[in-house]
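Me: Please take a close look at a single part of this structure, the salt bridge, and then place that part in the wider chain. I would like one connected account rather than a list.

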Amino acid sequence: MSHPTHTEEPMTHRQVLEALSGLLLALFVAMVSSTIVSTALPKIIGALNGTQTQYTWVVTATLLAATATTPIWGKLADLYSKKVLVQISILIYVVGSMFAGIAQSAGELIAARAFQGIGVGGLQALVQVVIAAMIPPRERGRYNGYLGGVMAVATVGGPLLGGVIVDTDWLGWRWCFFVGVPVAILALIVLQKTLHLVTIRRDNVKIDYAGASLIAAGVSVLLIWVSFVDGSFAWASWQTAVMVGAGVVLLAVAVWVESRAAEPVVPLSIIKERTTALSILASLAVGMAMFGGAVFLGQYFQIGRGYTPTEAGLLTIPLMAGVLISSIVVGQLITRTGKIKPYIIAGTIVLVAGFGLLATIDHETSLVYVSAGMLLVGIGVGMSMQNLVLAVQNTVQLKDIGAASATVAFFRSLGGTIGVSVLGAVLARRVTSNITESVTAAGGQVPAGGETSNLNLNALPEAFQHIVRAAYGDATGHIFLISAVIAVVGVIAALFMKPATLRSTLDLSAKPDEERVGANR
């Protein structure tokens, strides 16, 4: 293998700030692609005559595709031009968004969202990788505040924008997917003009496509099983045996392939490191709790409480305000002190407390109480999610920053995908059970149409609408209880992390006089 050759000069501080604006735009469209549908989904699925299972898969498809491709993007970033890869991710996102916007059925929408997820996976992984290649870990704490701000704007603005779009007759739900396209194109133009990273070229590059395919296949099989078990077939059935067995075998073979690959997609040597392993475990838990729980808030407010999509978006503001405030404040403190573990521990504890409050809600709970729970969840996420990536980036060499960052992002997305699938399945079963019990107690029968009609309340008899609302409102607290239990794993993992001071150099091997390169220029 030849020695790396640098084809461009390192970026100055001004260039870093200019490029950061394009990266933040790209991160914004990646995040808003999920949040914008959170309040609009009940109307979207109702308009397409979809089911509760399809409701879940509109979200899961994007998360699954992003999860499966994240390690590949990260590895490619260690081997090829990071700038070109970011631009390719944006283009994939744009094409996927356009197809989602013209979908004529729930199945077509899910397929388009899966393709869109490939681009989202690239953006989520590569934005972190590019920032890590420009800014030393010690200085990066401050920039994590900007990332947190973008997360908050995307997660607050997304549901609000989605609600307004579906409530505006001359726009319609299809614009929930079209609206991100111009922002993505703007990000593409900005990055073309401003991003000038040092390019490292290597000969005899090998991409572990076999490992990547096995990981994606194994994860996909298990998630499909989670979505349909106890509904289409029983837990103890031949379908369960086949799907679980196939998923486990595929992942086991993937580990074997990764351990022998010259350029593994998920380097086992990085995962074995204590800080990385615990950060992965914590990210898995935080991802499951955050994505799995928060994705159903829009459904709770609209179907369980009877609010419009716009009102539902406004009601989620406490969650996003918590993310914004905590990420900015904690980012500044981390840069000042160089310490990161205490903030991650505190964040995971607050996250558990927030979900603990939300676990007690039903269809009549005070909105003040619900807002308090959402605020705590947001604060916990803002203090922990981005900083878990930073903790890992601080322990690896610059040449491995892409694989390391993408590995954490992979497991966080995996946690989110599992969370949405599992909690969505639990919610569907619980809602069906609640509706059946309520209707039976009232001496009536469930209207024909099953789950399809449950999400299209306007098509239901008025008396049955009240039953459906109560069923969704009461079932939501149960999935938040599960989220709280999952989040406890994040607390345990954070407690066992090694205390460490963030370095002030871009690379572990950098000399003292090379410190703060890119931060003070």
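Reply: In this predicted model, D167 has a relative accessible area of 31% and is therefore partly exposed, since that value lies between the 20% limit for buried residues and the 50% limit for exposed ones. K43, at 40%, is likewise partly exposed. The side chains of D167 and K43 meet in a salt bridge, with 3.3 Å from N to O, a separation that falls within the 4 Å cut-off. The pair links distant parts of the chain, for D167 belongs to helix α6 (residues 137-167) while K43 belongs to helix α2 (residues 41-47), and the two residues are 124 residues apart. The structure holds 1 salt bridge.

As for the surroundings, the protein chain has 20 helices and 2 strands, and 58% of its 521 residues count as buried. Among contacts in the protein chain with a separation of 6 or more, 84% are made by residues 24 or more positions apart. The chain exposes about 19,900 Å², of which carbon and sulfur atoms supply 66%.

Another of the helices, α16 (residues 341-358), has 18 residues and should span 26 Å at 1.5 Å a residue, which agrees with the 26 Å between its end C-alpha atoms. The buried residues of α16 include K341, Y343, I344 and I345, together with G347, T348, L351 and V352, and also G354, F355 and L358.

Key:
Residues numbered from 1 in each chain as written. Predicted model: local features only at pLDDT ≥ 70, side-chain atom pairs only at ≥ 80, totals over all residues. Heavy atoms only, no water. Helix = DSSP H or I, 4+ residues; strand = E, 2+ residues; numbered from the N terminus. Buried < 20%, exposed > 50% of the residue type's maximum accessible area, 1.4 Å probe, protein only. Contact = heavy atoms within 4.5 Å. Areas by Shrake-Rupley, 256 points an atom, 1.4 Å probe, with all protein chains shown as cover. Expected span 1.5 Å × (residues − 1).
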